[in-house]
Amino acid sequence: MSERGALRTRLELLAREVAKFGAVGALGLVVNIAVSNLIWRTTDIPVVRAGLMGTIVAILFNYVGFRYWTYRDRDKTGRTRELMLFLLFSAVGAVIETGLLYTATYGFGWNSPVQSNVFKILGIGIATLFRFWSYRTWVFKALPAEEAVLDTDRFLEQRRPTDEVAPGTVAH
């Protein structure tokens, strides 16, 4: 495979990873916002605490999605280590997310339902960038190089048409 082809394959694999991460994250966003809003509207729990509760539920949801779908082909040894790192980096993301909501709510007094949701979503967006980098770098570690090559070959096989037709001929 040429260097250019290898780069293209890597970019395609990264794009698939980002798409899967984004799909799980989008569902996690819905869970996070739904749980937060449910708590905000049905209890007297303060905004930031309720937002943190929504984040915790979404973190649990996301772990299942990332482990069993987005990163299902990644190294599966050391699940305890993986879960501990996932929770650690998720906690840092929760601090980023909740810190923005806290600043908006208590620093600027922006605590209407719309403002709370806007700053909750903005915090999730910023925290997501950190989470993507940390999860793929530290938590769901790539397989050793040999297995990564096999995965790349499997990816290429899936993309290759089954019936190749010589140039200038008509397929039947």
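User: Is Lys-120 buried or exposed in this model?

Analyst: The model is a predicted one. In it, Lys-120 has a relative accessible area of 2%. A residue counts as buried under 20%, so Lys-120 is buried.

User: In which helix is Lys-120 found, and which residues does Lys-120 touch beyond four places away in sequence?

Analyst: Lys-120 belongs to helix H4. Once residues up to four places away in sequence are set aside, the residues that Lys-120 touches are Asn-32, Ile-33, Ser-36, Trp-40, Gly-51, Leu-52, Thr-55, Glu-97 and Leu-101.

User: What distance separates the C-alpha atoms of Lys-120 and Gly-51?

Analyst: Gly-51 is among the residues that Lys-120 touches. Along the chain, Lys-120 and Gly-51 are 69 residues apart. In space, their C-alpha atoms are separated by 7.4 Å.

User: Why does Ser-36 count as buried?

Analyst: Ser-36 has its place in helix H1. The limit for a buried residue is under 20% relative accessible area. Ser-36 is buried because its relative accessible area is 0%.

User: Which residues are in contact with Ser-36, leaving aside its neighbours within four places in sequence?

Analyst: Ser-36 is 16 residues from Leu-52 in sequence, and 7.8 Å from Leu-52 in space, C-alpha to C-alpha. Leu-52 is not the residue asked for here, as the contacts of Ser-36 are Ala-50, Gly-51, Gly-54 and Lys-120.

User: At what angle do helix H1 and helix H4 pack?

Analyst: Helix H1 covers residues 3-42 and helix H4 covers residues 113-139. The crossing of the two helices is right-handed, and their axes lie 10 Å apart. The angle at which H1 and H4 pack is about 145°.

User: How do the residues of the contact of H1 with H4 divide into nonpolar, polar and charged?

Analyst: On the H1 side, the contact includes Leu-14, Phe-21 and Ser-36. On the H4 side, the contact includes Lys-120, Ile-124 and Phe-132. The residues divide into eleven nonpolar, six polar and five charged.

User: How far does helix H3 reach from its first C-alpha to its last?

Analyst: Helix H3 runs over residues 79-107 and has 29 residues. At 1.5 Å a residue, the expected value is 42 Å. The reach of H3 is close to this, at 40 Å.

User: Which helices are included in what covers the buried residues of H3?

Analyst: The buried residues of H3 include Leu-85, Phe-86, Phe-89, Gly-93, Glu-97 and Leu-101. An α-helix has 3.6 residues a turn, so residues three or four places apart point the same way. The cover over the buried residues of H3 includes H1, H2 and H4.

User: Which residue takes a positive phi just after H3?

Analyst: H3 covers residues 79-107. Just after this helix, a phi of about 75° is taken by Gly-109.

User: How far apart in space are Val-47 and Ser-116, C-alpha to C-alpha?

Analyst: Val-47 is found in helix H2. Beyond four places in sequence, Val-47 touches Trp-40, Leu-101, Thr-105 and Ser-116. Val-47 and Ser-116 are 69 residues apart in sequence, and in space they are 7.6 Å apart.

User: What pattern does the protein follow along the sequence?

Analyst: The protein has five helices and zero strands. Read along the sequence, the pattern is α-α-α-α-α.

User: What share of the contacts with a separation of 6 or more comes from residues 24 or more positions apart?

Analyst: The contact of Lys-120 with Gly-51 joins residues that are 69 residues apart along the chain. For the protein, residues 24 or more positions apart account for a share of 75%.

User: What percentage of the 172 residues is buried?

Analyst: Ser-36 and Lys-120 are buried. In the protein, the buried residues make up 34%.

How values were computed:
Residues are numbered from 1 along each chain as its sequence is written. This is a predicted model: local features need pLDDT of at least 70, side-chain atom pairs count only at pLDDT 80 or more; totals for chains, interfaces and linings use all residues. Side-chain values use heavy atoms; hydrogens and water are left out. Helices (H or I, at least four residues) and strands (E, at least two) are DSSP runs, numbered from the N terminus. Buried means under 20% relative accessible area, exposed over 50%, partly exposed in between (1.4 Å probe, protein chains only). Contact means heavy atoms within 4.5 Å. Axes are lines fitted to C-alpha atoms, for helices over the stretch in contact, and angles run from 0 to 180 degrees between N-to-C directions. A crossing is left-handed if the near helix is turned anticlockwise from the far one by less than a right angle, and right-handed if clockwise. Ala, Val, Leu, Ile, Met, Phe, Trp, Tyr, Cys and Pro count as nonpolar, Asp, Glu, Lys and Arg as charged, and the others, Gly among them, as polar. The expected span of a helix is 1.5 Å times one less than its number of residues.
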